[in-house]
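Please open the model in your viewer and keep the sequence panel beside it, since each stop on this tour begins with a selection.

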Amino acid sequence: METKQIIQRTTSEVLFKQSKTYFPGGVNSPVRAFKSVEGTPLFIKKGDGCRIWDEDNNEFIDFCCSWGPLILGHNHPSVYHKVVETLQNGSSFGAPTRLENELAELILSRNPFIDKLRFTSSGTEAVMSALRMARGYTGRDLIIKFEGCYHGHSDALLVKAGSGLVTFGESSSAGVPEKVANDTLVLPLNDLDALEACVANYKNAIACAIIEPIPANNGLLLQDKAFLTKLREICTREGILLFFDEVISGFRVAFSGAAEYYGISPDIVTYGKIIGGGLPVGAYGARNEIMAMISPDGPVYQAGTLSGNPVAMAAGIAQLTECAKPGFYDSLEEKTSYFVSAINSYAENKNYPFELVTVGSIFWLSFNGKKRIQKADQIDPDMSHFKVMHRELLDRGVYLGPSGYEVGFVSAAHTEKDLAFAATAFCEVLDIVFGN
Ligand SMILES: *Cc1c(COP(=O)(O)O)cnc(C)c1O
């Protein structure tokens, strides 16, 4: 079966030409520009279930799912109805609503290691605020970050490893002062020796260690459980707060995220993406004594005009209510594993140096030919195979995020039939990429 049908891009091309006169690169978030795959971004008109349609009416099975938030797919009836019902009573008050309590109860009742939350409007904002809280609580300025983890675009976290053996970070974006970057210590993932050396060096000066316990923003760099367990021990021993940034893994690999998946309790956690049901929501949480630092209870200031927005809360409540149903994650994982193993066994039989790396309902296209990639610098920077793969999949009605460093997501709306179709397209495209 040949699934190829070249897609028409005329309308997207016109819109992209216009949008470039309005926004840098034509977009409001850089990866959307299709720069790394050298194409024209598709302007999306609508989504329903696991499908999206662009302005030229091409239809795609969507594995980007808005970069993770849409674990129920597009337009899920319960999310849709709850949002519409809420919106009928107004869109924002800047005053408390019962919806905030309801979403908090859903989250807190299943995450025993945190007592309180604060809602924000994005993951970046949640992480940035929680970092301030960690510094306020410990009275320490330095933070540890791991190379290959993404924590949003706040200054302190747009930092990469410095040259040589120094752990002081260097800014990874223009406009981030070196003074700020120098307070971030950057360590390789999965490296206990580097971690021990760092904490010995900066004793009593490190406020927190922030990590994506399932690093999924720069490939899928699955860590050894032993590394995360040891990180927990070292943090406890040194009075360093362990900060799990679960903006992508939270409610994705399990309802209680990587903390549940690995059975490790962080001191601080951040959420985003899925908790907003497709609307802008982030959150940070911790035990009572840490959260007591936050204004108006404590001296760490943090606020938001649209924080806890009722419409966004409604979407989150509806979505998490579905996720909390028994068997939700089992069935999502089962489907994903069926999809992933179909493609992986095909690639293995043909000896292609390719595999889908996977956890839960996340998958990543790895062209590295070897199984366990656990550090950022182990990823082959040559993305030419991905580029072909991305284009050929689009031509077959399969939409992936336009970057080889990004992961894909299976949603509850993907049926076995959709996944079988997509798997066939993947296999055809693998033959094109690897030439037989
Ligand atoms: C997406 C993401 C962020 C940033 O969230 P935004 O809502 O894009 O600001 C932070 N941390 C992690 C782990 C993420 O995946």
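The tour goes from the domains to the face they share, then to a sheet and to two points of backbone geometry.

Bear in mind throughout that this is a predicted model. Begin by colouring residues 10-75 together with 327-433 as domain 1, and residues 77-323 as domain 2. If you place a marker at the centre of each domain, taken over C-alpha atoms, the two markers will lie 26 Å apart.

Next, select the residues through which the domains touch: 26 residues of domain 1 are in contact with 33 residues of domain 2. The size of an interface is often given as the accessible area lost when the parts come together. Here domain 1 and domain 2 bury about 2600 Å² between them, and 61% of that area is on carbon and sulfur atoms. Which three residues of domain 1 supply more of the area it buries against domain 2 than any other three? Show Tyr 329, Val 359 and Gln 374 as sticks, for together they account for 24% of the area on the domain 1 side.

Staying at this boundary, bring up the side chains of Arg 372 and Asp 224, which meet in a salt bridge with an N to O distance of 2.8 Å. The count of salt bridges between domain 1 and domain 2 is one, while 11 residue pairs, with both residues at pLDDT 80 or more, are in polar contact across the boundary. On the side of domain 1 that touches domain 2, highlight α11 (328-349), β13 (355-359) and β14 (362-366), each of which supplies at least two residues. Colouring that side by class will show 18 nonpolar, five polar and three charged residues.

Now move to the open sheet of four strands, whose order is β1-β2-β3-β15 and whose pairing is mixed. Because β1 (44-48) and β15 (398-399) stand at the edges with a single partner strand each, one side of each strand is left without a neighbour in the sheet. Zoom in on β1 and on β2 (residues 51-54), which run antiparallel and are joined by four bridges. Ile 44 has Asp 54 as its bridge partner in β2, and Gly 47 is partnered there by Ile 52. Two residues lie between the strands of this hairpin, in which Gly 49 takes a positive phi near 60 degrees.

The last two stops concern the backbone. Most residues other than glycine have a negative phi, and most peptide bonds are trans. Select Ser 66, in the loop between β3 (59-62) and α2 (77-87); although Ser 66 is not a glycine, it has a positive phi of about 60 degrees. Finally, go to Pro 296, in the loop between α9 (288-291) and α10 (310-323). Is the peptide bond from Ser 295 to Pro 296 cis or trans? That bond is cis, with omega near 10 degrees.

Methods. Residues are numbered from 1 along each chain as its sequence is written. This is a predicted model: local features need pLDDT of at least 70, side-chain atom pairs count only at pLDDT 80 or more; totals for chains, interfaces and linings use all residues. Side-chain values use heavy atoms; hydrogens and water are left out. Domain bounds come from an automatic or database domain assignment. Contact means heavy atoms within 4.5 Å. Buried area is the accessible area (1.4 Å probe) that two parts lose on being put together, summed over both. A salt bridge is a side-chain nitrogen of Lys or Arg within 4 Å of a carboxyl oxygen of Asp or Glu. A polar contact is a pair of N or O atoms within 3.5 Å; within protein, one must be able to donate a hydrogen and the other to accept it, and residues adjacent in sequence count only if both atoms are side-chain atoms. Ala, Val, Leu, Ile, Met, Phe, Trp, Tyr, Cys and Pro count as nonpolar, Asp, Glu, Lys and Arg as charged, and the others, Gly among them, as polar. Two strands pair if DSSP finds at least two bridges between them.
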